[in-house]
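Here is a colleague's note to be read beside the model, set out as numbered points. Please keep the structure open while going through them.

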Amino acid sequence: MLILVRHGQTATNAAGRLLGRSDPPLTELGERQAAAVAAAIGPVDRVISSPLARAGQTAAYFDRPVDVDERWLEIDYGTLENTPLGDVDPEWWRRWRADPTIAPPGGESLADVGSRVRAACESLVAEATARDVVVVSHVSPIKAAVVWALGGDDAMVWRMYLDVAAISRIAIRDHGPV
């Protein structure tokens, strides 16, 4: 089983700001969320984390060695990093939602995130067929992994909501991920 965990709350995402590559720590609530997620999932065979500290802090609650994989890094919002969501130009936001190949200035497109996450998922198929693998990551990569499991396109990420400390499970079957 591939178990995807979004990190706990940070002050930046709690404030409704775009949080990509900057690296604030978990809040006190985020720490409690991380502990609760690890307890809810229980023992696992392997833990993988994004290199960002908020993911690493969450992964540490699984009490296992943590492998860091850069492919699970959050999207790069470029010049929009830390911008309150309500302050993003609505026309730009509309274009970005319509075309997953568009990237924020100095940032990364959803298509780029999808490409690296699909590769990360494919590299875990054999292992996740036989063992429970937890990946602690961020909203955009986890949505991209769910899109991979569903066989969808990169624009599908806009049709999902994923809260902090959310758990998504992808089983690997003979006919593919479910």
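1. In this predicted model, a useful place to begin is Asp23, which counts as partly exposed because its relative accessibility is 36%. Asp23 is the acidic partner of Arg54 in a salt bridge, with the closest N and O atoms 3.7 Å apart. The two residues are 31 apart along the chain and the pair links distant parts of it, since Arg54 belongs to helix α3 (residues 53-60) while Asp23 sits in the loop between α1 (11-14) and α2 (28-41). Is Arg54 buried or exposed? With a relative accessible area of 0%, Arg54 is buried, whereas Asp23 is partly exposed.

2. A search of the whole structure returns 10 salt bridges, and the one between Arg32 and Glu28 offers a local case, the closest N and O atoms being 3.3 Å apart. These two residues are four apart in helix α2, so about one helical turn separates them. Glu28 counts as exposed, at 63% relative accessibility, and Arg32 as partly exposed, at 49%.

3. A further salt bridge brings together the side chains of Arg131 and Glu127, at 2.5 Å from N to O. Arg131 has a relative accessibility of 34% and therefore counts as partly exposed. Through salt bridges that share partners, Arg131 and Glu127 are joined with Arg46 and Asp67 into one network.

4. Turning to the interior, the largest nonpolar core holds 34 residues, and those with the most contacts inside it are Leu2, Leu4, Trp72, Trp96, Val135 and Ile170. Two or more residues of this core come from each of β1 (2-6), α4 (90-98), α5 (110-130), β4 (133-137) and α6 (139-150). A second core of 13 residues is separate, and includes Ile3, Val47, Ala59 and Ala165. As general background, nonpolar side chains in soluble globular proteins tend to be buried together.

5. Which residues does Val135 touch, once its neighbours within four places in sequence are left aside? Val135 is then in contact with Leu2, Ile3, Leu4 and Val5, and also with Ile48, Trp72 and Leu124.

6. Ser168 is placed in strand β5 (residues 167-170), and it counts as buried because its relative accessibility is 14%, below the 20% cut-off for that class. Apart from neighbours within four places in sequence, the contacts of Ser168 are with Leu2, Ile3, Leu4, Ile142, Val146 and Leu162. Leu2, Ile3 and Leu4 thus appear in the contact list of Ser168 and in that of Val135.

7. Val125, in helix α5, counts as partly exposed because its relative accessibility is 24%. With neighbours within four places in sequence left out, Val125 is in contact with Trp148 and Ile172. The C-alpha atoms of Val125 and Val37 are separated by 23 Å, the two residues being 88 apart along the chain.

8. The last point concerns empty space, and the largest pocket contains about 620 Å³ of it. Its lining is made up of 27 residues, of which Arg6, Leu18, Tyr77, Leu85 and Val139 are the closest to the pocket centre. Helices α1, α4 and α6 each supply at least two residues of that lining. What classes of residue make up the lining of the largest pocket? There are 15 nonpolar residues, five polar and seven charged.

Terms used. Residues numbered from 1 in each chain as written. Predicted model: local features only at pLDDT ≥ 70, side-chain atom pairs only at ≥ 80, totals over all residues. Heavy atoms only, no water. Core = buried A, V, L, I, M, F, W, Y, C linked by side-chain atoms within 4.5 Å. Buried < 20%, exposed > 50% of the residue type's maximum accessible area, 1.4 Å probe, protein only. Contact = heavy atoms within 4.5 Å. Salt bridge = Lys/Arg side-chain N within 4 Å of Asp/Glu carboxyl O. 1 Å grid on protein atoms, 1.4 Å probe; cavity = no way out; pocket = protein on both sides within 12 Å on 5 of 7 lines; lining within 4 Å. Points joined across faces, edges and corners; volume = space filled by probe spheres on them. Nonpolar A, V, L, I, M, F, W, Y, C, P; charged D, E, K, R; others polar.
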